[in-house]
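Reader: I'm new to this structure and would like a close look at a single part of it. Could you pick one strand and walk me through what surrounds it?

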Amino acid sequence: MAAGAVVAGGQTAATTFFDSAHAVAALQPVAQVKDAPADATTASLEGAIGGDQLLPDPLAVDALDPASQVDVQNLAKAVDIGRELAQQAAKVEAALAGGAPEAFLYGESVYVMPAVGHLTSLFGSRWGTSHQGIDIAGPIGTPIYALTDGVVEEAGPATGFGLWVVLRHTDGTQSVYGHVNRMFVDEGERVKAGEKIAEIGNRGYSTGPHLHLEIWSADGTKINPSPWLRKRGIEY
């Protein structure tokens with residue numbers, strides 16, 4: 001019978017046995033703690049909450065309602081897009097830093113207008129022969145810029161061209177710059193889009209100062225430069 005009384009009144013017995021506000025509060029329900037005398041120790045315990053009683057972290061994505069989560073995701077995407085646009089703008093600015101008149105992004109690469117001048121001859125049949133490039137007329141000394149990033153494959157004398165520069169680009173294509181007056185690069189040198197590589201001249205078989213520009217595909221086929229350039233934003 002005594003044992004049963006201890007079980008039935010276990011909390012009261014414990015409360016009587018432990019003469020401590022801390023011990024009493026630890027054993028009593030929260031509702032009883034609130035009704036307990038508001039001394040300093042009990043007041044400190046009333047502020048000790050946890051579990052479902054805690055408010056959600058307002059900065060936690062999981063705590064947001066679905067609409068708010070969508071807003072956060074859209075903001076993150078906008079930040080990524082802004083960062084990408086800034087990187088693209090930096091590429092274009094770098095390509096223009098050397099003096100190139102125009103620069104455009106095509107995929108991940110930057111392409112520049114190779115020289116300021118007037119288109120005087122197209123790709124195709126000319127004077128009974130095949131003209132394998134386009135001619136851009138301009139005064140001797142007009143800067144010639146690398147169309148895009150590449151490596152100098154040749155820089156020196158070339159039959160018919162007097163002097164030429166040949167660049168191989170990252171996609172395997174090659175750009176050829178003929179009749180140049182002076183060259184500012186050497187074979188094996190890496191160049192960036194918009195870097196000054198030569199200047200317009202009148203060397204070789206030429207009727208006046210101009211840049212003869214050719215584009216060769218990765219397999220060496222000579223292709224029409226005009227649509228190739230236009231696709232990359234460059235048009236004469």
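Author: Here is a walk around one strand, β14, and the parts that meet it.

Keep in mind that this is a predicted model. The mean pLDDT of the protein chain is 80, with 70% of its residues at 70 or more. Residues 1-36 are another matter, since pLDDT stays under 50 there. Where pLDDT is low, the predicted coordinates should not be read in detail. For the general setting, the protein chain has seven helices and 15 strands, and 31% of its 236 residues are buried.

Now to β14 itself, which covers residues 210-216. The strand is mostly covered, with seven of its seven residues buried. That goes for both faces: one side carries His210, His212, Glu214 and Trp216, while Leu211, Leu213 and Ile215 sit on the other, and all of them are buried.

Next, the strands that pair with β14. With β6, the pairing is antiparallel and runs over four bridges; here Ala137 stands opposite His210. With β10, residues 174-178, the sense is again antiparallel, this time over five bridges. In that pairing, Gly178 has His212 as its bridge partner. Then there is β15, made of residues 222-223, which runs antiparallel to β14 and is joined to it by two bridges. Ile215 and Ile223 are bridge partners there. β14 and β15 make a hairpin with five residues between the strands, and in it Gly220 takes a positive phi near 95 degrees.

Just past the end of β10 there's a residue worth a stop: His179, in the loop between β10 and β11. Its phi is near 70 degrees, a positive value in a residue other than glycine. Most residues other than glycine have a negative phi. His179 also counts as buried, at 4% relative accessibility.

Back on β14, look at Leu211. Leaving out residues up to four places away in sequence, Leu211 touches Pro114, Ala115, Ile134, Asp135, Ile136, Ile144, Tyr177, Gly178 and Ile200. Leu211 also belongs to the largest nonpolar core, a group of 25 residues, and is listed there among those with the most contacts inside the core, along with Ile144, Leu147, Val165, Leu167, Tyr177 and Ile197. At least two residues of this core come from each of β6, β9, β13, β14 and α7. Another core, of eight residues, lies apart from it and includes Val92, Val110, Tyr145 and Ala193.

Finally, the charges. Side chains of opposite charge can pair when their charged atoms come close. On β14, Glu214 does this with Lys222: the two form a salt bridge, with the closest N and O atoms 3.9 Å apart. Glu214 is buried because its relative accessible area is 3%, whereas Lys222 counts as partly exposed at 36%. The structure holds seven salt bridges. Another one of them joins the side chains of Asp149 and Lys192, at 3.2 Å from N to O. Asp149 lies in the loop between β7 and β8 and Lys192 in the loop between β12 and β13, so this pair ties together parts that are 43 residues apart in sequence. Asp149 is partly exposed, with a relative accessible area of 29%, and Lys192 is exposed at 53%.

Terms used: Residues numbered from 1 in each chain as written. Heavy atoms only, no water. Buried < 20%, exposed > 50% of the residue type's maximum accessible area, 1.4 Å probe, protein only. Core = buried A, V, L, I, M, F, W, Y, C linked by side-chain atoms within 4.5 Å. Contact = heavy atoms within 4.5 Å. pLDDT = per-residue confidence, 0-100. Pairing = 2+ DSSP bridges. Salt bridge = Lys/Arg side-chain N within 4 Å of Asp/Glu carboxyl O.
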